[in-house]
Amino acid sequence: MNHMTASLAELAAAYTEDGELSAGEVRNLRERLFADRTIDSDEINVVFGINDKVSGNTKNHPTWPALFADVLSAYYLADGKVTQEESDELFTRISANGSVDAPERVALYTILNSGAQMPTSFREKATKLLNG
């Protein structure tokens with residue numbers, strides 16, 4: 001399957017079938033997701049879905065959390081700030097399964113420390129999750 005021509009949904013299904021992400025799969029996802037230099041809502045949905053399927057697997061390639069953080073940062077910081085609506089959406093998605101996994105922690109840390117404008121509530125919630 002060619003990672004640049006297959007649908008993102010097909011890639012996600014194929015890459016998560018075994019419950020883990022390899023170095024090549026993470027590399028292919030990065031290339032595909034950033035091919036147009038933007039992340040859209042469909043892509044963010046797929047990336048959250050991938051993370052849900054591989055969350056907690058210690059065999060995931062160590063570059064997965066960084067890619068997850070980069071994708072979330074590109075999406076939520078596209079305009080240089082995090083709005084209250086974006087903050088609410090992000091925390092709803094991250095807390096949907098009742099826990100915050102390593103890729104989600106890296107994403108929160110990256111966004112929190114980006115220097116972007118964000119609601120005080122985002123800073124407080126992110127800090128609490130990262131320290132809790």
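A crossing of two helices is called left-handed if the near helix is turned anticlockwise from the far one by less than a right angle, and right-handed if it is turned clockwise. Keep that in mind as you look at this predicted model, where the crossing of α1 and α2 is left-handed.

**Two helices side by side**

How do α1 and α2 pack? Their angle is about 170 degrees, and their axes lie 11 Å apart. Angles over 145 degrees count as roughly antiparallel, so α1 and α2 are roughly antiparallel to each other. To find the contacts, look for Leu8, Leu11 and Tyr15 on the α1 side; they meet Glu25, Asn28, Leu29, Arg32 and Leu33 in α2.

**From the loop into α3**

Follow the chain onward and you come to Arg37, in the loop between α2 (23–33) and α3 (41–54). The phi of Arg37 is near 65 degrees, which is a positive value in a residue other than glycine. Is Arg37 buried or exposed? Its relative accessibility is 73%, and the cut-off for exposed is over 50%, so Arg37 counts as exposed.

Next comes the cap on α3. At its N-terminal end, a side-chain oxygen of Asp40 lies 3.0 Å from the backbone nitrogen of Asp42. The helix α3 itself has 14 residues and reaches 20 Å from its first C-alpha to its last, close to the 20 Å expected at 1.5 Å a residue. Just after α3, Gly56 takes a positive phi of about 85 degrees.

Here are the two positive phi values together:

| Residue | Place | Phi |
|---|---|---|
| Arg37 | loop between α2 and α3 | near 65 degrees |
| Gly56 | just after α3 | about 85 degrees |

**What α3 packs against**

Which residues of α3 are buried? They are Glu43, Ile44, Val46, Val47, Phe48, Ile50, Asn51 and Val54. These buried residues pack against α1 (8–16), α2, α4 (64–76), α5 (84–94) and α6 (102–112).

**A buried alanine in α6**

Finally, turn to Ala107, which lies in helix α6. Its relative accessible area is 1%, and buried means under 20%, so Ala107 is buried. What does Ala107 touch, not counting residues up to four places away in sequence? The residues in contact with it are Phe68, Ala69 and Leu72. You can also find Glu89, 18 residues from Ala107 along the chain; the C-alpha atoms of these two residues are separated by 14 Å.

Notes. Residues numbered from 1 in each chain as written. Predicted model: local features only at pLDDT ≥ 70, side-chain atom pairs only at ≥ 80, totals over all residues. Heavy atoms only, no water. Helix = DSSP H or I, 4+ residues; strand = E, 2+ residues; numbered from the N terminus. Buried < 20%, exposed > 50% of the residue type's maximum accessible area, 1.4 Å probe, protein only. Expected span 1.5 Å × (residues − 1). Contact = heavy atoms within 4.5 Å. Polar contact = N/O pair within 3.5 Å; in protein donor to acceptor, adjacent residues only side chain to side chain. Axes fitted to C-alpha atoms, helices over the stretch in contact; angles between N-to-C directions. Parallel < 35°, antiparallel > 145°, perpendicular 65-115°, else oblique.
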